[in-house]
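Q: Could you take a close look at one part of this protein for me? I'd like to go through one stretch of the surface and whatever sits against it, residue by residue.

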Amino acid sequence: MKTSKAILGSILAIVSLVVASFISQSIIMLLKKCRIGYVVPILIGAILYAVIAYLLVKLIADRYLKVSLPRLGIPKFKISLKWILIAILLPLAVTAVFLVMNGKIVDANSSDMENIVFNIFYASLAAGFVEELIFRGVILNVLSIRWNYLVGVLIPSVIFGLLHIVSRNLSFMSIIQLIIAGTLVGVMFSLIEMSEHSIWNSAVVHAIWNLITSAIFAVAVSPQKDALYSYVISSKNALLTGGGFGMESSLIAIIGYLVVALIAYKIFAKNK
């Protein structure tokens with residue numbers, strides 16, 4: 001594969017994510033204006049987000065990249081049981097460590113339910129699939145075909161970390177911490193995909209991680225309006241708390257990422 005095709009293919013993949021997000025969220029807004037509540041519009045929008053992104057990726061693969069979807073780590077739907085178990089154990093283990101620290105549980109307000117439903121179905125489940133489709137599907141594999149696995153893993157992982165800074169009001173140290181954590185979690189997801197050359201495994205780990213740590217039981221230094229429950233920790237140590245971004249960029253979460261990444265790497269090395 002030519003360098004220009006690998007680079008442009010990666011850019012088109014990111015553009016497809018943006019387009020799918022814009023269309024699906026626009027439809028959510030239009031449906032809400034029909035006064036049918038917010039649950040149905042969000043459910044429809046979440047499904048459309050995933051479907052539109054998948055169709056755009058298929059179009060890019062067929063018409064521009066000229067490669068099959070399985071070559072991009074997008075085979076027929078199948079998830080390994082071990083990754084389902086790890087997907088559940090990772091967020092539970094990380095959360096359990098935080099519960100040992102001083103803090104308090106805060107329930108969500110009824111006025112925040114729309115944000116919570118959006119976080120559950122769109123920002124957690126649908127986004128988990130779409131981001132794996134783009135970063136660990138197209139970009140990882142296209143760059144690996146053109147160069148090697150090292151390039152294929154590192155570049156999309158760094159981009160993945162950087163994109164999480166967008167539209168967030170964070171301090172300089174929180175930004176640095178987020179970039180490091182975002183890159184490492186990207187490496188973890190990449191190695192999970194590579195372990196069996198399938199985004200379905202990394203997608204389930206990504207989606208369940210988002211669901212538990214962001215939408216159901218968020219750990220942060222202040223209550224989160226898009227989570228059912230927040231565990232507000234008293235510690236002021238940004239390294240432990242994750243700073244302005246929250247537990248996902250904390251040292252505790254990073255250790256979790258590294259442990260799972262090591263497991264995935266060993267499976268990848270064995271299968272290879």
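A: Here is a walk through the patch on the first helix, its neighbour on the second, and then a few backbone spots further along. Keep in mind that this is a predicted model.

Let's start with the greasy bit. Ile-7, Leu-8, Ile-11, Leu-12, Val-15, Val-19, Phe-22, Ile-23 and Trp-147 make a nonpolar surface patch of about 750 Å². One of these, Leu-12, sits in helix H1, which runs over residues 3-32. How open is Leu-12? Its relative accessible area is 31%, so Leu-12 counts as partly exposed. Patch members need over 30%, and Leu-12 has 31%.

Now for the neighbour. Tyr-64 belongs to helix H2, residues 39-65, and Leu-12 and Leu-8 from the patch are among the residues that Tyr-64 touches. Its other contacts, leaving aside residues up to four places away in sequence, are Ser-4, Lys-5, Gly-9 and Leu-59. Take Lys-5 as an example: in sequence Tyr-64 and Lys-5 are 59 residues apart, yet their C-alpha atoms are 8.1 Å apart in space. Even with those contacts, Tyr-64 is partly exposed, at 24% relative accessible area.

Go on along the chain and you reach Lys-66, in the loop between H2 and helix H3 (81-100). The backbone is worth a glance here: Lys-66 isn't a glycine, but its phi is positive, near 60°. Lys-66 has 61% relative accessibility, so it counts as exposed.

There's another positive phi at His-197, near 50°, again in a residue other than glycine. His-197 is found in the loop between helix H6 (172-196) and helix H7 (199-216). Is this one buried or partly exposed? His-197 is partly exposed, because its relative accessibility is 29%.

Then comes strand E2, residues 217-220, where both faces are covered. In a regular strand, side chains alternate between the two faces of the sheet. Here Phe-217 and Val-219 lie on one side, Ala-218 and Ala-220 lie on the other, and all of them are buried. E2 pairs with strand E3 (residues 229-233) in the parallel sense, over four bridges. Within that pair, Val-219 stands opposite Tyr-231 of E3.

How values were computed
Residues numbered from 1 in each chain as written. Predicted model: local features only at pLDDT ≥ 70, side-chain atom pairs only at ≥ 80, totals over all residues. Heavy atoms only, no water. Patch = residues over 30% accessible without salt bridge, like charges linked within 9 Å, V, L, I, M, F, W, Y side chains within 5 Å. Areas by Shrake-Rupley, 256 points an atom, 1.4 Å probe, with all protein chains shown as cover. Salt bridge = Lys/Arg side-chain N within 4 Å of Asp/Glu carboxyl O. Helix = DSSP H or I, 4+ residues; strand = E, 2+ residues; numbered from the N terminus. Buried < 20%, exposed > 50% of the residue type's maximum accessible area, 1.4 Å probe, protein only. Contact = heavy atoms within 4.5 Å. Pairing = 2+ DSSP bridges.
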